[in-house]
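I opened this notebook to record what I looked up, beginning with one side chain and working outwards to the fold.

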Amino acid sequence: MNLYLLTQTVNNRWDTFDSCIVSAKTAEEAVFIRPDTAQWDFLGCFDDSWVENVEDVLVEYIGVAYTNESKVIHRSFRAG
């Protein structure tokens, strides 16, 4: 597994996530892991604490994860 930093700059209001670190096999898999509990569907996601479209998520490889599970490792939330 790898570690990826996911960031978004589209949804900059209070009570939103601006970034998270996730473990995943690939960047393509990582982009679908959300820092909140909402799930992506074929139309996007309508929870406003993250972005609505995966195209708005920036993915950066940051290292190796010593886990076999795809999951959120750390998340950053703008509490308002």
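Entry 1. I began with a side-chain pair, and found that the side chain of Thr16 makes a polar contact with the side chain of Arg78, at 2.6 Å. I keep in mind throughout that this is a predicted model. I then looked for other polar partners of Thr16, and noted that a polar atom of its side chain lies 2.7 Å from the backbone oxygen of Arg13.

Entry 2. Is Thr16 buried or exposed? I read a relative accessibility of 1% for Thr16, and it counts as buried because the cut-off for that class is under 20%. I placed Thr16 in strand E2, and I listed its contacts while leaving aside neighbours within four places in sequence: these are Asn11, Asp48, Ser49, Ser76, Phe77 and Arg78.

Entry 3. I stayed in strand E2 and turned to Asp18, which also lies there. Its relative accessibility is 24%, so Asp18 counts as partly exposed. Which side chain does the side chain of Asp18 meet in a polar contact? I found that of Ser76, at 2.7 Å. Not counting residues up to four places away in sequence, I have Asp18 touching Leu6, Thr7, Gln8, Trp50, Ser76 and Arg78. I also checked the backbone spacing to one of these, and the C-alpha atoms of Asp18 and Leu6 are separated by 8.5 Å, with the two residues twelve apart along the chain. Ser76 and Arg78 appear among the contacts of Thr16, and I see both of them again among those of Asp18.

Entry 4. I next asked how strand E2 is paired. Strand E2 covers residues 16-24 and runs antiparallel to strand E1, residues 2-7, with six bridges joining the two. As one example I looked up Leu3, whose bridge partner in E2 is Ser23. With E4, strand E2 shares seven bridges, and this pair runs antiparallel as well; here I noted Val22, which stands opposite Val72 in E4.

Entry 5. I followed strand E1 to its pairing with strand E3, residues 58-64, and found six bridges in the antiparallel sense. Within that pairing, Tyr4 has Tyr61 in E3 as its bridge partner.

Entry 6. In what order do the four strands stand in the sheet? I read the order as E3-E1-E2-E4, in an open sheet with antiparallel pairing. E3 and strand E4 (71-78) stand at the edges, and because each has a single partner strand, one side of each is left without a neighbour in the sheet. The twist from one strand to the next averages 20 degrees.

Entry 7. I closed with the whole chain. The protein has one helix and four strands, and along the sequence they follow the pattern β-β-α-β-β. Of the contacts with a separation of 6 or more, 64% are between residues 24 or more positions apart. Buried residues make up 40% of the 80 residues, and I recorded an accessible surface of about 5,000 Å², of which 53% belongs to carbon and sulfur atoms.

Technical notes:
Residues are numbered from 1 along each chain as its sequence is written. This is a predicted model: local features need pLDDT of at least 70, side-chain atom pairs count only at pLDDT 80 or more; totals for chains, interfaces and linings use all residues. Side-chain values use heavy atoms; hydrogens and water are left out. Two strands pair if DSSP finds at least two bridges between them. Buried means under 20% relative accessible area, exposed over 50%, partly exposed in between (1.4 Å probe, protein chains only). A polar contact is a pair of N or O atoms within 3.5 Å; within protein, one must be able to donate a hydrogen and the other to accept it, and residues adjacent in sequence count only if both atoms are side-chain atoms. Contact means heavy atoms within 4.5 Å. Accessible areas come from the Shrake-Rupley method with a 1.4 Å probe; for residues, only the protein chains shown count as cover. Axes are lines fitted to C-alpha atoms, for helices over the stretch in contact, and angles run from 0 to 180 degrees between N-to-C directions.
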